Amino acid sequence: MNKSWLVPAGLAAALMIAACGSSAGSTSSGGAASSAPAAGSSALKTAKIGGAAVVTNAKGFTLYWFVPDTATTSKCNGSCATFWPPVKGPATAGAGVTGKLATIKRADGSVQATYNGHPLYTYVADTAPGQAKGNGLNLSGGVWHEVTA
């Protein structure tokens, strides 16, 4: 039996796992991470998405808040944070962002950006700027909302 396909399949699986891990919002000193939905410690901005003025990361990806969170605690950890990557803090206000920006410390010790008392997240199903596929979803133990400006 030819098992030469095992190495490429294993490599593909490893790359997929690595890609998922990097989508959790890791950053380099230059700003946002290279994975599409992740946000880094760069300026947040606003964009018109579905007729609403929505807060986005520097790359134009919609930011979300999670109903079960509090102003000081993220309730989205573990597998939840794989699908809803936390926005690394601190974040700065760009054009149109007038709310209060701050940070919280997550359960894993990392720092997450907040906007008007809501910890911020992106959503992995938003694969391009201007999408808000996570808005109104009831997943991971609560409802997700786009952050409006």
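The following paragraphs describe the fold, the surface, a three-stranded sheet and the disulfide of a predicted protein model. Local features require pLDDT of at least 70 and side-chain atom pairs count only at pLDDT 80 or more, whereas totals for chains, interfaces and linings use all residues. Residues are numbered from 1 along each chain as its sequence is written, and side-chain values use heavy atoms, with hydrogens and water left out.

The protein contains two helices and nine strands, arranged along the sequence as α-β-β-β-α-β-β-β-β-β-β. Helices (H or I, at least four residues) and strands (E, at least two) are DSSP runs, numbered from the N terminus. Of the 149 residues, 36% are buried, that is, under 20% relative accessible area with a 1.4 Å probe, counting protein chains only. Among contacts (heavy atoms within 4.5 Å) with a separation of 6 or more, 60% join residues 24 or more positions apart. The exposed area, from the Shrake-Rupley method with a 1.4 Å probe, is about 7,500 Å², of which carbon and sulfur atoms supply 61%.

One open sheet has three strands in the order β3-β9-β8, with antiparallel pairing; pairing requires at least two DSSP bridges between two strands. Because β3 (64-66) and β8 (138-139) each have a single partner strand, they stand at the edges, and one side of each is left without a neighbour in the sheet. Three bridges join β3 to β9 (residues 142-146), and Y64 stands opposite E146 in β9.

The whole structure holds one disulfide, defined as a pair of cysteine sulfur atoms within 2.5 Å. The sulfur atoms of C76 and C80 lie 2.0 Å apart, and both residues are buried. The torsion about their S-S bond is about -110°, so the disulfide is left-handed.

Conventions
Buried means under 20% relative accessible area, exposed over 50%, partly exposed in between (1.4 Å probe, protein chains only).
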